[in-house]
Amino acid sequence: MADVREKGLSVYRLLPGLSEYQTLHLNNFDARELMRWQRVGGDAGRPTRLRAEWLGETRWAKSEFPTGYHGAPVLSRRLAERFGDELLTAGSFVPVEIDGAKDDDYVLYVVEQVVDCLDLRRSSKPKKAGGEVKKAVFRPEAFPVHLPAFRLPQFPSAVQWNGWAADRLIELTGDEIEARLLWSEDPEAVPHPDPWGI
(Lines give C-alpha, C1' and ligand atoms only; values in the text may rest on other atoms or scores of the structure.)
Protein backbone atom coordinates (compact mmCIF):
# COMPACT_ATOMS: atom_id res chain seq x y z
CA MET A 1 0.00 0.00 0.00
CA ALA A 2 3.02 2.28 0.41
CA ASP A 3 3.21 2.96 -3.34
CA VAL A 4 -0.47 3.95 -3.69
CA ARG A 5 0.29 7.66 -3.83
CA GLU A 6 3.11 7.11 -6.35
CA LYS A 7 0.84 5.15 -8.70
CA GLY A 8 -2.22 7.28 -7.98
CA LEU A 9 -5.66 6.25 -6.82
CA SER A 10 -7.76 3.90 -8.91
CA VAL A 11 -10.94 1.83 -8.53
CA TYR A 12 -11.86 -1.45 -10.23
CA ARG A 13 -14.64 -3.95 -10.66
CA LEU A 14 -13.29 -7.50 -10.46
CA LEU A 15 -14.68 -10.52 -12.32
CA PRO A 16 -13.45 -14.04 -13.07
CA GLY A 17 -11.12 -14.14 -16.07
CA LEU A 18 -12.28 -15.74 -19.30
CA SER A 19 -9.78 -18.61 -19.09
CA GLU A 20 -10.87 -22.21 -18.62
CA TYR A 21 -11.84 -22.20 -14.94
CA GLN A 22 -14.99 -23.38 -13.25
CA THR A 23 -17.03 -20.53 -11.76
CA LEU A 24 -19.82 -20.40 -9.20
CA HIS A 25 -23.51 -19.73 -9.80
CA LEU A 26 -25.02 -18.17 -6.67
CA ASN A 27 -28.28 -19.35 -5.17
CA ASN A 28 -30.86 -16.76 -6.31
CA PHE A 29 -32.53 -16.46 -2.90
CA ASP A 30 -29.21 -15.89 -1.12
CA ALA A 31 -28.10 -13.33 -3.71
CA ARG A 32 -31.37 -11.38 -3.28
CA GLU A 33 -31.03 -11.48 0.51
CA LEU A 34 -27.48 -10.14 0.24
CA MET A 35 -28.66 -7.29 -2.00
CA ARG A 36 -31.46 -6.47 0.44
CA TRP A 37 -28.98 -6.29 3.32
CA GLN A 38 -26.63 -4.11 1.26
CA ARG A 39 -29.44 -1.61 0.66
CA VAL A 40 -30.78 -1.60 4.24
CA GLY A 41 -27.69 -2.40 6.35
CA GLY A 42 -27.71 -3.25 10.04
CA ASP A 43 -27.42 -6.63 11.71
CA ALA A 44 -30.88 -7.86 10.69
CA GLY A 45 -30.68 -9.87 7.50
CA ARG A 46 -26.87 -9.82 7.38
CA PRO A 47 -25.79 -12.90 5.42
CA THR A 48 -24.49 -15.83 7.44
CA ARG A 49 -23.92 -18.16 4.47
CA LEU A 50 -24.09 -18.27 0.71
CA ARG A 51 -25.15 -21.28 -1.33
CA ALA A 52 -23.76 -21.89 -4.81
CA GLU A 53 -22.99 -24.52 -7.42
CA TRP A 54 -20.08 -25.01 -9.82
CA LEU A 55 -20.47 -24.20 -13.53
CA GLY A 56 -18.12 -25.19 -16.33
CA GLU A 57 -16.31 -28.28 -17.49
CA THR A 58 -15.41 -30.60 -14.61
CA ARG A 59 -11.92 -31.06 -16.09
CA TRP A 60 -11.26 -27.32 -15.64
CA ALA A 61 -9.60 -26.07 -12.45
CA LYS A 62 -11.80 -24.28 -9.93
CA SER A 63 -11.21 -20.53 -9.93
CA GLU A 64 -9.98 -18.90 -6.74
CA PHE A 65 -12.15 -15.86 -7.60
CA PRO A 66 -15.16 -17.71 -9.04
CA THR A 67 -18.03 -15.24 -9.29
CA GLY A 68 -18.65 -12.07 -11.27
CA TYR A 69 -21.69 -10.98 -9.28
CA HIS A 70 -20.75 -7.37 -8.47
CA GLY A 71 -21.91 -7.40 -4.86
CA ALA A 72 -20.73 -10.85 -3.81
CA PRO A 73 -17.00 -11.39 -4.17
CA VAL A 74 -16.21 -15.03 -3.40
CA LEU A 75 -12.64 -16.10 -2.73
CA SER A 76 -11.06 -19.43 -2.00
CA ARG A 77 -10.06 -19.51 1.65
CA ARG A 78 -6.48 -20.05 0.47
CA LEU A 79 -6.60 -16.80 -1.57
CA ALA A 80 -8.18 -14.89 1.34
CA GLU A 81 -5.42 -16.10 3.67
CA ARG A 82 -2.66 -15.31 1.18
CA PHE A 83 -4.01 -11.78 0.74
CA GLY A 84 -3.78 -11.19 4.49
CA ASP A 85 -5.73 -9.55 7.27
CA GLU A 86 -6.18 -6.28 5.36
CA LEU A 87 -9.36 -7.67 3.83
CA LEU A 88 -10.89 -7.64 7.32
CA THR A 89 -10.53 -3.84 7.53
CA ALA A 90 -13.45 -3.52 5.10
CA GLY A 91 -15.59 -6.52 5.93
CA SER A 92 -15.79 -10.11 7.04
CA PHE A 93 -16.14 -13.62 5.64
CA VAL A 94 -19.07 -15.99 5.65
CA PRO A 95 -18.91 -19.60 4.42
CA VAL A 96 -19.98 -20.62 0.94
CA GLU A 97 -21.83 -23.93 0.76
CA ILE A 98 -21.23 -25.45 -2.67
CA ASP A 99 -23.61 -28.17 -3.87
CA GLY A 100 -21.86 -31.53 -4.03
CA ALA A 101 -18.46 -30.09 -3.09
CA LYS A 102 -18.04 -30.42 0.67
CA ASP A 103 -14.24 -30.22 0.53
CA ASP A 104 -14.13 -26.94 -1.42
CA ASP A 105 -13.31 -24.14 1.03
CA TYR A 106 -14.65 -20.78 -0.22
CA VAL A 107 -15.85 -17.63 1.53
CA LEU A 108 -18.10 -14.73 0.64
CA TYR A 109 -16.37 -11.42 1.32
CA VAL A 110 -19.09 -9.29 2.90
CA VAL A 111 -17.90 -5.71 2.34
CA GLU A 112 -19.36 -3.66 5.18
CA GLN A 113 -17.65 -0.31 4.64
CA VAL A 114 -19.87 2.20 2.82
CA VAL A 115 -17.91 5.32 1.90
CA ASP A 116 -19.40 8.54 0.56
CA CYS A 117 -16.59 9.50 -1.82
CA LEU A 118 -18.33 9.79 -5.21
CA ASP A 119 -18.15 13.17 -6.95
CA LEU A 120 -21.84 13.52 -7.77
CA ARG A 121 -21.36 16.51 -10.07
CA ARG A 122 -18.80 14.80 -12.31
CA SER A 123 -20.16 11.23 -12.20
CA SER A 124 -23.04 9.93 -14.27
CA LYS A 125 -26.37 9.95 -12.51
CA PRO A 126 -27.06 6.68 -10.62
CA LYS A 127 -29.68 4.53 -12.34
CA LYS A 128 -33.04 4.46 -10.54
CA ALA A 129 -33.08 0.66 -10.41
CA GLY A 130 -30.20 -0.35 -8.16
CA GLY A 131 -28.11 2.82 -8.32
CA GLU A 132 -25.59 1.69 -10.93
CA VAL A 133 -23.09 4.43 -11.76
CA LYS A 134 -21.73 3.87 -15.27
CA LYS A 135 -19.15 6.68 -15.15
CA ALA A 136 -17.71 7.23 -11.69
CA VAL A 137 -15.48 10.06 -10.55
CA PHE A 138 -14.21 9.93 -6.98
CA ARG A 139 -13.22 12.72 -4.62
CA PRO A 140 -9.55 12.06 -3.72
CA GLU A 141 -9.86 13.87 -0.38
CA ALA A 142 -12.62 11.46 0.73
CA PHE A 143 -11.19 8.34 -0.90
CA PRO A 144 -10.61 5.36 1.46
CA VAL A 145 -7.00 4.63 0.49
CA HIS A 146 -6.54 2.22 3.40
CA LEU A 147 -9.47 -0.07 2.51
CA PRO A 148 -9.10 -2.91 0.00
CA ALA A 149 -12.74 -2.58 -1.03
CA PHE A 150 -15.79 -0.48 -0.22
CA ARG A 151 -19.34 0.23 -1.32
CA LEU A 152 -21.01 3.51 -2.24
CA PRO A 153 -24.24 4.83 -0.68
CA GLN A 154 -25.48 5.57 -4.21
CA PHE A 155 -24.73 2.01 -5.46
CA PRO A 156 -24.68 -0.13 -2.30
CA SER A 157 -24.99 -3.50 -4.02
CA ALA A 158 -21.64 -3.18 -5.83
CA VAL A 159 -18.17 -3.73 -4.42
CA GLN A 160 -15.57 -1.21 -5.54
CA TRP A 161 -11.96 -2.50 -5.33
CA ASN A 162 -9.11 -0.17 -4.52
CA GLY A 163 -6.34 -0.35 -7.13
CA TRP A 164 -3.68 -1.69 -4.75
CA ALA A 165 -6.00 -4.53 -3.64
CA ALA A 166 -6.92 -5.41 -7.24
CA ASP A 167 -3.21 -5.51 -8.12
CA ARG A 168 -2.48 -7.85 -5.21
CA LEU A 169 -5.33 -10.23 -6.08
CA ILE A 170 -4.22 -10.38 -9.72
CA GLU A 171 -0.64 -10.99 -8.62
CA LEU A 172 -1.87 -13.92 -6.49
CA THR A 173 -4.14 -15.45 -9.16
CA GLY A 174 -2.75 -14.49 -12.57
CA ASP A 175 -5.30 -14.95 -15.37
CA GLU A 176 -8.12 -15.88 -13.00
CA ILE A 177 -9.27 -12.27 -12.54
CA GLU A 178 -10.38 -9.58 -14.99
CA ALA A 179 -10.05 -6.04 -13.63
CA ARG A 180 -12.24 -3.36 -15.20
CA LEU A 181 -11.08 0.15 -14.48
CA LEU A 182 -13.85 2.35 -13.09
CA TRP A 183 -11.78 5.45 -12.32
CA SER A 184 -8.21 6.62 -11.95
CA GLU A 185 -6.44 9.79 -10.92
CA ASP A 186 -4.22 9.24 -13.96
CA PRO A 187 -5.71 11.36 -16.78
CA GLU A 188 -4.16 8.97 -19.34
CA ALA A 189 -6.03 5.94 -17.94
CA VAL A 190 -9.15 4.94 -19.89
CA PRO A 191 -12.06 3.53 -17.83
CA HIS A 192 -13.87 0.46 -19.12
CA PRO A 193 -16.81 1.51 -21.36
CA ASP A 194 -19.31 -0.79 -19.61
CA PRO A 195 -17.78 -1.74 -16.25
CA TRP A 196 -20.90 -3.30 -14.73
CA GLY A 197 -21.98 -5.22 -17.83
CA ILE A 198 -21.64 -8.99 -18.15
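**Exercise 1. How many helices and strands does the chain have?**

Solution. The model is predicted.
Step 1: count the elements; there are four helices and 10 strands.
Step 2: read them from the N terminus, which gives α-β-β-α-β-β-β-α-β-β-β-β-α-β.

**Exercise 2. Which radius of gyration would a compact globule of 198 residues have, and what does the chain have?**

Solution.
Step 1: for 198 residues, the value for a compact globule is near 16 Å.
Step 2: the chain has 16 Å, so the two agree.
Step 3: add the extents; the C-alpha trace spans about 50 × 35 × 30 Å along its principal axes.
Step 4: add the burial; 50% of the 198 residues are buried.
Step 5: turn to contacts between residues at least 6 apart in sequence; 68% of these join residues at least 24 apart.

**Exercise 3. In what order do the six strands of the open sheet stand, and which strands are at the edges?**

Solution.
Step 1: the order is E4-E2-E3-E6-E7-E5, with mixed pairing.
Step 2: E4 (61–62) and E5 (74–76) are the edge strands; each has a single partner strand, so one side of each lacks a neighbour in the sheet.
Step 3: take one pair inside the order; E3 (residues 50–55) and E6 (residues 91–98) run parallel and are joined by three bridges.
Step 4: locate a residue pair; Arg-51 is opposite Glu-97 of E6.

**Exercise 4. Which strands pair with E1, and in what sense?**

Solution.
Step 1: E1 (residues 10–16) pairs with E10 (residues 177–184) in the antiparallel sense, over seven bridges.
Step 2: within this pair, Pro-16 has Ile-177 as its bridge partner.
Step 3: E1 also runs antiparallel to E9, with two bridges between them.
Step 4: here Val-11 is opposite Asn-162 of E9.
Step 5: check the cover of E1; seven of its seven residues are buried.

**Exercise 5. Is Asn-162 buried or exposed, and what does Asn-162 touch?**

Solution.
Step 1: place the residue; Asn-162 belongs to strand E9 (residues 160–162).
Step 2: its relative accessible area is 1%; buried means under 20%, so Asn-162 is buried.
Step 3: leaving out residues up to four places away in sequence, Asn-162 touches Ser-10, Phe-143, Pro-144, Val-145, Leu-147 and Pro-148.
Step 4: look for a polar partner; a polar atom of the Asn-162 side chain lies 3.0 Å from the backbone oxygen of Pro-144.

**Exercise 6. Which residues of helix H4 are buried?**

Solution.
Step 1: in H4 (residues 163–173), the buried residues are Gly-163, Trp-164, Ala-165, Ala-166, Leu-169, Leu-172 and Thr-173.
Step 2: recall the geometry; an α-helix has 3.6 residues a turn, so residues three or four places apart point the same way.
Step 3: look just past the helix; Gly-174 has a positive phi of about 65 degrees.

Note on methods. Residues numbered from 1 in each chain as written. Predicted model: local features only at pLDDT ≥ 70, side-chain atom pairs only at ≥ 80, totals over all residues. Heavy atoms only, no water. Pairing = 2+ DSSP bridges. Buried < 20%, exposed > 50% of the residue type's maximum accessible area, 1.4 Å probe, protein only. Polar contact = N/O pair within 3.5 Å; in protein donor to acceptor, adjacent residues only side chain to side chain. Contact = heavy atoms within 4.5 Å. Rg over C-alpha atoms; globule rule 2.2 N^0.38 Å.
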